Every structure is written in C-alpha cells, then in structure tokens.
Amino acid sequence: MKKILTLVFVSALGGLLTLGGYKLFIEKESPQLALEQSNDFPVFVPTNNAVNAINSNASIAPNFVNAAEKSLDAVVHVKNTAIVNGPTSMRDLFYGRSSQRAQVGTGSGVIISPTGYIVTNNHVIKNANEISITLNDNKAYIAELIGTDETTDIALLKIETEDELPFMAFGDSDNAKIGEWVLAVGNPFNLNSTVTAGIISAKSRDLSGQHLQSFIQTDAAVNPGNSGGALVNTNGDLIGINTAISSQTGSYIGYSFAVPSNIARKIVNDIMEYGNVQNGILGVVGGALNSNAAEELGTEITEGFYVSDVQEDTGAEKAGIQSGDIIKKIDNVNINKFSDLSGYLKTKSPDDVVNVTLIRDGNEKVFPVTLLKPSSYILPTIGLIKNASEKDLKRFKAENGVKISELDEANKLSWNKNGIEEGSIITKINGKELNSVEDAQTAIKTRHYNEPLQIEVINKNGEKVVFNFR
C-alpha cells in the first residue's frame, strides 16, 4: 500500500514539474502558439448579400428582356419556293422532258411598317417563284417582291393585311459603339423566334476585299436561317439586318455580320420612291493609308483615305479637292479605311451635301461637297464608259445602253479589229440590260469572282456582238 501511494505521489510531482517547466520556459519563448487557443466559431457580421448580388450582376450583363419583347413580334419567318432543274433520269431522257422540282429556302425578315413592308436579304428571296411570310403568331401570308439591291444584299417585300402589324423603326447605326451589347433575332434552322446575344466586335467591315461592303461585325450567334433578321441594341432599336457569317463549316463559329440600319433604310427608301437605288458619289480615287503606304507617299499620317485622283465633273472636283489630299472625316464620321468612306456614302443620295475634312500640306481644311450621280465608270477590259444620250443611242438604233468614251489603251487595237470603237454602245453585261453607268457598276460589282464576264456591244456596223472574258 505504501508503495502504491509513493508511486502516485511521484507521478503527481513529475506532472507538476513538467507543467511548471513548460509555463516557465517554453510558453514564454513561443507566445504565438497561444493563438491556437482562440475560439473556432466565426464572428457573424450582418450584410445585405441580395443587394450586392443584384448590383454585381447588373454591372456584368444588361437585361435583354425589354429588347427581346420589342423585336420578337416584328421579326418574321421567310420561305422562298423556287423551281429548279433536278437530276435527269433515263425516263426523262426517253420522254424528252426536263426534271423540275420545288426547292425551298428559309430565312428571316423584319417588319418595318404597320402596313406590311418587310426588309430581308436579297439572297434569302433570290430566284423565288413564291415568297411566304409567317408571323410570330403563326399567321401566314404570300408576299410581293417590291425591289432588291444585290450590292448591299437588301430586299423589300410587302404583305397585304387589314390588321396593323407590330414593326420596328430603324435606329441610327452610326451611333452604335464597339463593345456595345446587341441581340440577333431570327429563325435559325427553322427555329422560330430565336434570340442570341453578343457585342459589336467591329464596324465598317468589308469581307469582299473590293471595298463594296461595310458590315457591323458581332459575336452574337447567327446561323443559316438568321439571314434577314434583326440586329438590335439593348433599347430594342433596329441597328442592322443580319446577313452573313464567317465560317468554314456553314454554321456559326464566332463572328457574324449585319448591314447597318442606316444603309438598309436608305436602300428601302430609294426602292419605295424610285424603284431602284440612287447612289451619290464623291468623285475621288485612292486608297486607305497604312504605315507602308504612308512611307511610300512621304507622310507621317497612317490613317485616312489618300486621294490619288479626282474624277472629272464630280462634286469633289467642283468643291476643290485635289490629288494628294488625305480625307480624315466626312461629316462626323471618322475615315480610317476605305470601307468607312464607302459605307457612309451608301447612306447618302445624289444632291446631298457632305462636309469633307481633309489634310493638305499639313493643314486641316473642310470642303462642302455636293454628291452627284455617277456619270462615268472604268469598265474592266474596255475603258471609260459614260451615260449615252438619245443622239448616241439613235446613231446605233439602240433602245438602251451606255457609251464607250475612251477605249483602254492596252486593248484598243484589239477592239478596233473587232469593229468596236469609241462611241460604240454597250447594251448588256452578263445578260443584264444597261440604261446607265450605275447599271454597269452594279453588274460588275455583283458578279461572282469566278463568273465569266459577258459584254454585248453594238459595233460600227450596227451589229450586236457578244464578247466573253474569263
């Protein structure tokens, strides 16, 4: 019993000595270890998480609901039915008949008036035998084709209805900013009333390489069937007509392109008023500046349009614009590349006056220029052509055509050998009748890059001769 008590006492004494040693030496040397003794429970601080979340989300992405509601009922489904020649079977050959079938294409359109005018893409309704329109409420109508412009790929349709239709008014695409949120509304893959969102990635984008286009580029998803649909901003304003995608697969892979609303509105107004598009030209020839061009021209300016020549009898010549001038701005639109210039001019008409800001000899000058109808044009392989007068047409007993004013020097001898001389009348290009220089421009600009060039000319003997070029 004494041994047990002695053992307990020694154990207790050892424990006290150990604890005392820890307190005296170890704890004083390592005071930071005392932090581990703090309470593990977190301190509760009241916060308004709901408000913070709402503010955070609002700053990241806007609300598209109102814009979608404004546009959905005004965007329609367009169906194009064309009769095409199908594969010829042995039975067709035996009976000497052609095999024809109906081919259906689909796209979108935007109602732009309560009376039933609809804007869409020209390629959506091209070669159509019948065009049908289906509204968002599933009502269907047969549409009349009012007019088209192949250069800008815009077409105008009309449906007859006693009801006032929901419509969208054109917004001002010049005010659209890069980085701005937009919606693409249409019917991709026959899926009606589809809305996708993105931002404006670029403006004045030309995909042709021939300075014919001036698209708004976005990253809103656009697929086959979206063509002709609406591009709208967050206010629900129509700022573009969705037209093309950049893709190697035929489906959306990142970028889509829309005709700016200011161009589409001008085309529509011209078709309604004149039946065709009235183009106003500035009358300058040249190209966009970059570092290489600036070095060659001996200027430090790397952005703008360099005027290499001024055409005769044009607004630019009459206003005093000269070769060597650098155009920096037209009205309030900055000109950094060719498509900025061509895109803005497409929104203007003959007799409109624009203020051209340019640099000459290091000084900034402003010239008011009256835009005129094109009266001359350099036609490839032929030379300079001009509008033909009644006297010109009567000389060759022609009902329509344009006059060859100056033959291209490189081909003049060859033309003369074929009976074509200055003053001869060109009546058709690729089967399209010519009544003005504008018609010739359109025929050349809308020709596919690998399509042969066919020109019908009346020679000096009064004979119509067709020339084909590849």
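Tutor: Let's start with three classes: Ala, Val, Leu, Ile, Met, Phe, Trp, Tyr, Cys and Pro count as nonpolar, Asp, Glu, Lys and Arg as charged, and the others, Gly among them, as polar. Please keep in mind that the model above is predicted.

Student: How many residues of each class are in the lining of the second largest pocket?

Tutor: First picture the pocket, which has a volume of about 850 Å³. Its lining is made up of 30 residues. Sorted by class, they are 10 nonpolar, 12 polar and eight charged.

Student: Which residues lie nearest the centre of the second largest pocket?

Tutor: Helix α5 (122-125), strands β11 (238-246) and β12 (255-260), and helix α12 (437-445) each give at least two residues to the lining. The residues nearest the centre of this pocket are E150, T151, Q213, K445 and T446.

Student: Which strand gives the most to the lining of the largest cavity?

Tutor: The count finds one cavity of 30 Å³ or more, and the space in the largest cavity is about 30 Å³. Its lining includes V75, V76 and H77, and by class it has three nonpolar, six polar and no charged residues. With three residues, the strand that gives the most is β1 (residues 75-85).

Student: Where are the buried residues A67, A68 and S71 of helix α3 placed around the axis, on the same side or on opposite sides?

Tutor: Helix α3 spans residues 65-72, and A67, A68 and S71 in α3 are buried. Because they cover an arc of only 95° around the axis, they share one side. N66, E69 and K70 are exposed on the other side of α3. So the three buried residues are placed on the same side.

Student: Is S113 buried or exposed?

Tutor: S113 sits in the loop between β2 (100-111) and β3 (117-121). Its side chain makes a polar contact of 3.0 Å with that of T115. The cut-off for buried is under 20% relative accessible area. The relative accessible area of S113 is 13%, so S113 is buried.

Student: Which element gives the largest share of the largest nonpolar core?

Tutor: In soluble globular proteins, nonpolar side chains tend to be buried together. The largest nonpolar core here has 27 residues, and V110, I154 and A230 have the most contacts inside it. Elements that give two or more residues to this core include α3, β6 (154-158), β7 (181-186) and β10 (230-233). The largest share, five residues, comes from α6.

Conventions: Residues numbered from 1 in each chain as written. Predicted model: local features only at pLDDT ≥ 70, side-chain atom pairs only at ≥ 80, totals over all residues. Heavy atoms only, no water. Buried < 20%, exposed > 50% of the residue type's maximum accessible area, 1.4 Å probe, protein only. Helix = DSSP H or I, 4+ residues; strand = E, 2+ residues; numbered from the N terminus. Arc of directions from axis to C-beta. 1 Å grid on protein atoms, 1.4 Å probe; cavity = no way out; pocket = protein on both sides within 12 Å on 5 of 7 lines; lining within 4 Å. Points joined across faces, edges and corners; volume = space filled by probe spheres on them. Polar contact = N/O pair within 3.5 Å; in protein donor to acceptor, adjacent residues only side chain to side chain. Core = buried A, V, L, I, M, F, W, Y, C linked by side-chain atoms within 4.5 Å.
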